[in-house]
Amino acid sequence: MRVFYTDRFVLPLPVGHRFPMGKYRLLRDRLERELPEIRLTPAPRATDGELALVHTPAYIQAISDGSVDPRVMREIGFPWSEAMAERARHSVGATIAAARTALAEGVAANIAGGTHHSYADKGGGFCVFNDAAVATRLMQAEHARVDRRPLRVAIIDLDVHQGNGTAHVFRGDDTVFTLSLHGAKNFPFRKEAGSLDAELPDGCGDDEYLQALERALGELDARFEPQFAIYLAGADPHEGDRLGRLKLTFDGLEARDRRVFDWAWQRRLPMAFAMAGGYGHELENTVQVQLNTFRVAAGYSMRWQNRPR
Ligand SMILES: [Zn+2]
């Protein structure tokens with residue numbers, strides 16, 4: 001399974017900043033040690049042209065040269081720096097590369113990304129550019145060269161926060177199905193209507209969560225026939241998360257991942273995934289949840305490689 005990383009870009013954050021920048025490197029180290037079947041590759045850089053499939057030229061320019069409206073920067077929650085702009089571009093590049101690889105090989109990943117609070121013209125909630133949205137539009141454009149019928153893409157967003165930016169970008173676009181399973185009382189407080197939104201109460205545990213996921217996948221199946229999927233495997237529904245407000249265990253989250261990968265495998269649906277959020281009181285717990293996702297994914301990647309052609 002090929003996995004793309006961007007951790008050579010580390011944002012200069014003020015002391016005490018709540019964004020756990022260290023998790024990316026920690027996760028890559030553990031992947032290297034514990035899942036040797038994974039092929040780690042540095043992420044390419046997304047170009048202006050790729051970003052412009054979703055983002056406005058003015059916003060791309062402002063992020064690149066640091067002239068972003070301070071109110072927008074405050075909503076993003078990082079101080080602007082060149083490293084921040086470069087990291088955001090490479091994170092989009094990683095999801096693009098994972099999407100292209102998954103379409104060829106079945107499963108691939110970005111060790112970052114899932115920046116779903118980003119809109120066409122503004123970021124928010126630690127999200128600068130919307131990697132899943134850009135990758136979706138680019139895969140559709142590449143597909144359009146060989147098949148005039150549009151590529152139908154499902155975005156399965158299981159980060160604990162609603163994918164408001166993604167929902168807004170694809171509103172009214174019937175070639176993309178956006179599914180978000182998220183905490184009802186959590187950020188963002190003004191949610192956007194996606195194709196399917198499932199809201200969970202504070203304190204929601206494994207059983208309730210897995211039942212909601214089952215219902216959501218069933219409804220997706222009834223309404224849409226995807227040819228490709230992008231999965232945002234957020235670690236923030238975990239009970240040890242500072243921001244999540246839900247109570248999923250390690251086992252519950254692993255069952256969630258298995259259900260999503262199994263759903264895709266049963267349909268022979270290629271799927272790329274990105275990490276999305278995770279803000280554990282103990283950083284190791286966040287990294288553990290995410291490592292488990294990669295382990296599950298690597299198993300499904302093997303099935304793709306061994307399938308009869
Ligand atoms: Zn989140």
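This is a short walk through the fold of one chain, from the whole down to a few single residues.

Okay, so keep in mind that this is a predicted model. We're looking at one chain with 10 helices and 8 strands. The C-alpha trace spans about 50 × 45 × 40 Å along its principal axes. How does the radius of gyration sit against a compact globule? For 309 residues you'd want something near 19 Å, and the chain has 18 Å, which agrees. Half-and-half on burial, by the way: 50% of the 309 residues count as buried. And if you take contacts between residues at least 6 apart in sequence, 73% of them join residues at least 24 apart.

From the record, then. The unreviewed UniProt entry carries a domain annotation, "Histone deacetylase", covering residues 19-282. That span is 42% helix and 13% strand, and its end C-alpha atoms lie 13 Å apart.

Now the sheet. The 8 strands make an open, parallel sheet, and the order is 2-1-3-8-7-4-5-6. Which strands stand at the edges? Those are strand 2, residues 39-42, and strand 6, residues 196-200; each has a single partner strand, so one side of each has no neighbour in the sheet. On average, neighbouring strands are turned by 15° against each other, ignoring direction. At the strand 2 edge, strand 1, which is residues 2-5, runs parallel to strand 2 and is joined to it by 4 bridges. If you want one to click on, R2 has R39 in strand 2 as its bridge partner.

Over at the strand 6 edge, have a look at helix 8, residues 206-223. Helix 8 lies across strand 4, strand 5 and strand 6, and runs at about 170° to strand 6.

Then there's helix 10. Helix 10 has 24 residues and reaches 35 Å from first C-alpha to last, close to the 34 Å expected at 1.5 Å a residue. Its buried residues include V287, V289, F294, V296 and Y300. What do the buried residues of helix 10 pack against? They pack against helix 1, strand 3, helix 9 and strand 8.

Just ahead of that helix, take G280. G280 sits in the loop between strand 8, at 271-274, and helix 10, at 283-306. G280 is buried, because 22 other C-beta atoms lie within 10 Å. Leaving out residues up to four places away in sequence, G280 touches H238, G240, D241, R242, N285 and T286. T286 is also one of the buried residues of helix 10. And L26 is 254 residues from G280 in sequence, yet their C-alpha atoms are 13 Å apart in space.

Last bit: backbone oddities. Most residues other than glycine have a negative phi, and most peptide bonds are trans. Here we have a cis peptide bond joining F187 and P188, with omega about -10°. P188 is in the loop between strand 5 and strand 6.

Two arginines have a positive phi: R245 at about 70°, and R268 at about 50°. R245 is in the loop between strand 7 and helix 9, while R268 is in the loop between helix 9 and strand 8. So, buried or exposed, for R245 and for R268? R245 is buried, with 21 other C-beta atoms within 10 Å. R268 counts as exposed, because it has 10 C-beta neighbours inside 10 Å.

That's my tour, thanks.

Notes. Residues numbered from 1 in each chain as written. Predicted model: local features only at pLDDT ≥ 70, side-chain atom pairs only at ≥ 80, totals over all residues. Helix = DSSP H or I, 4+ residues; strand = E, 2+ residues; numbered from the N terminus. Buried ≥ 20, exposed ≤ 12 C-beta atoms within 10 Å, placed from the backbone. Contact = placed C-beta atoms within 7 Å. UniProt positions renumbered as here; feature names shortened; annotations may be inferred. Rg over C-alpha atoms; globule rule 2.2 N^0.38 Å. Pairing = 2+ DSSP bridges. Axes fitted to C-alpha atoms, helices over the stretch in contact; angles between N-to-C directions. Expected span 1.5 Å × (residues − 1).
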